[in-house]
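Dear colleague,

I am writing to hand over the structure shown below. A summary of what was found in it follows, arranged by region.

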Amino acid sequence: MREDVENLDIRDVTANWVNAEVLAHQIEERIKALADLSHTPLFFGRLDYLHAPGADQAEGAEGERPQPKAAYQTLHIGRRHVHDADGDPMVIDWRAPVSQPFYRASKKDPMDIGLRRRFGYTGGDLTAYEDEHLSDPAEAATTSKLLQREIERPRVGPMRDIVATIQPEQDEIVRAGLSGTVCVQGGPGTGKTAVGLHRVAYLLYAHRERLARTGTLVIGPNKSFLHYIEQVLPALGELEVKQATVDDLVAHVEVRGTDTATAAVIKGDARMAEVLRRAVRSHVTMPTEPVVVVRGSRRWRVPAYELEEIVRELLDRDIRYGAARDALPQRIAHAVLVQMERSGEAPDDRVQDAVARNAAVRAAVKAIWPPVDPAKLVLRLLTDADFLAGHADGVLDADEQKEVLWSKPVRSVKSATWSPADAVLIDEATDLVQRTHSLGHVVLDEAQDLSPMQYRAVGRRCTTGSATVLGDLAQGTTPWATRSWQEALAHLGKPEAVIEELTAGFRVPTDVITYASRLLPHIAPGLTPVASVRENPGFFEVRTVTEATGVVAACEELLRNEGSTGLIAADARIPALAEALTAAGVPYLAPGEETTRETRLTLVPASLAKGLEYDYVVLDEPQAVVDGEPDERTGLRRLYVALTRAVSGLIVTHAAPLPPQLG
């Protein structure tokens, strides 16, 4: 298939050089999408239908149904569509409707499937297969050994796709329609991130033309996380999906500072949207003088009361400040044209445009509806106590206003020490002035850590599209973490979204998730604990150590196993542990760097552990992880995240007493 595309001759099919360039780019992208990926087989499953798919609907020219080629219709299922030289399908894309029974069919509902076969691979080589005769009542339902083996497989390198092991409850979310927003609450190891990425791949398959026009975006919590997941969609043949963090979306200014936890919570509160709206609209001044337009020997006068009516009408429509400002000169010009027509003239659109550009009209617009710079507006709110008080009256109390005000004056936008929360405020103000471009679909992962204002920033990117929201309320590790998905979805602008819950754990071993779940009553009382479906209970030990050498010894012990190892610790302890590892001659990586055969240990600050996974984990000093956060609940949530990063085994090392919530 790749050679066919490479051999295409487009010299005689393009009208001009622009068309030729566009077509050449499309061909280049198609060749990339058809690349052979090492250790990635073309197919992973097979379906034998009892009846040819579609045969019961299809009819011949004279009303007779065509006969299937054989008693079974055999289809191989893979990551992408593959056809032979004649164009006949050899492998069916996993996203096609006829592939759905591979994920959904069961003994209770065979979905017209006689045989489902799963293929097992090792390093790209076919090494096993497993058959289920779903329509045979004599064969009992069993747990797939290949599925278990795939789940247990060591994690080395970036995140991989789960297309061969998608479960029925996950498949329902993956194949949900494009028009609606879906929110997925999933505990550690339930596959929510993978489900979200596979949903993107499915939507691009089912609605390719529409999403090609409107765009798709995956939003993650940090660069390390995005680097970890960046290979999943290309492995499924999707190369055009953009990735970003929330900070990337709102990067209107250079962020160099940080807020106190209290200030960040206030700035992230949805009430700030009303403060900003008032501040933007405060620039509008009601006219007190008429506008006089001179054209030739005639003078046309629009009185102040008529101008005020126009301004109030635009304010009542509550459209964007910039759009209203653009409309104002045309409205004034229209008032002039009405007077011209009354006097017997017959002006057309060109005359109206000329009047709108008249110096007197432009001067009036500048005085009534001056331009607003969003960054300067936010800077004034944060540095001018009177300006803030005027627009926060009845919204923020005096103490809250004092908390967000900067202590030192600032000369300009460029010299200001902006914080991440400030950048979100500027993004809100920017949208009040000019509408933010909306995409077709947005995937928001680790959403539980966003503030209401950050949700609004993401929601602006999908006002005319839909979203997939992924997260776990128990893993919210910011002071402003989401309390409920209903509240979060309202801030996102998608209150009608469907909320799904994944509770089957595929990554974290039983003993580990059971230990970590002791924290749930203290951090998220209403959540259902994750139930591990792993047959392997995993390796778990709590070990008392006296110094850093004991932590290094635990790492060396786990590195004797196959796969990756993560050493997770409170951020403040990272330098001391790095020094101990170096002194012991144990090489290590930073989060986001790919493991190699020689270096399989990653030293992870607890603040960056979210969303990552390792075959084995050493968790250093749980109490230090808790103490590293501004409050106990946030600290316990951070600890819950750190405890649930292991796939095969966990060693908890401590010299200080363990948090009492662990029992």
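**A residue and its surroundings**

Leaving aside neighbours within four places in sequence, threonine 565 is in contact with Leu558, Leu559, Arg600, Leu601, Thr602, Tyr614 and Tyr616. Please note that the model is a predicted one. Threonine 565 belongs to strand 18, which spans residues 565-569. Is threonine 565 buried or exposed? Its relative accessibility is 0%, and because buried means under 20%, threonine 565 counts as buried.

**Two open sheets**

One open sheet has six strands in the order 3-4-2-1-5-6, and its pairing is mixed. At its edges are strand 3 (82-83) and strand 6 (125-132), each of which pairs on one side only. Strand 3 runs antiparallel to strand 4 (residues 89-93), and two bridges join them. Within this part of the sheet, valine 82 stands opposite valine 91 of strand 4.

Another open sheet, also described by six strands, follows the order 9-8-12-13-7-14 with parallel pairing. Here the edge strands are strand 9 (242-245) and strand 14 (498-502), each pairing on one side only. On average, and with direction ignored, neighbouring strands of this sheet are turned by 15 degrees against each other. Strand 8 (residues 216-220) pairs with strand 9 in the parallel sense over four bridges, and isoleucine 219 stands opposite alanine 244 in strand 9. Helix 22 (residues 485-492) lies across strand 7 (182-186), strand 13 (466-471) and strand 14. The helix runs at about 145 degrees to strand 13.

**A hairpin**

Strand 10 (residues 291-295) and strand 11 (residues 298-302) are paired in the antiparallel sense over five bridges. Valine 294 has arginine 299 in strand 11 as its bridge partner. Two residues lie between the strands of this hairpin, in which glycine 296 takes a positive phi near 65 degrees.

**A pair of helices**

How do helix 14 and helix 16 meet, and at roughly what angle do they cross? The axes of helix 14 (residues 321-342) and helix 16 (residues 359-368) come within 10 Å and cross at roughly 135 degrees. Helix 14 is therefore oblique to helix 16. Their crossing is right-handed. From helix 14, Arg325, Leu328, Pro329 and Ile332 meet Val361, Val365, Lys366 and Ile368 of helix 16. The residues of this contact divide into six nonpolar, no polar and two charged.

With kind regards

Key: Residues numbered from 1 in each chain as written. Predicted model: local features only at pLDDT ≥ 70, side-chain atom pairs only at ≥ 80, totals over all residues. Heavy atoms only, no water. Pairing = 2+ DSSP bridges. Axes fitted to C-alpha atoms, helices over the stretch in contact; angles between N-to-C directions. Parallel < 35°, antiparallel > 145°, perpendicular 65-115°, else oblique. Left-handed = near helix turned anticlockwise from the far one by under 90°. Contact = heavy atoms within 4.5 Å. Nonpolar A, V, L, I, M, F, W, Y, C, P; charged D, E, K, R; others polar. Buried < 20%, exposed > 50% of the residue type's maximum accessible area, 1.4 Å probe, protein only.
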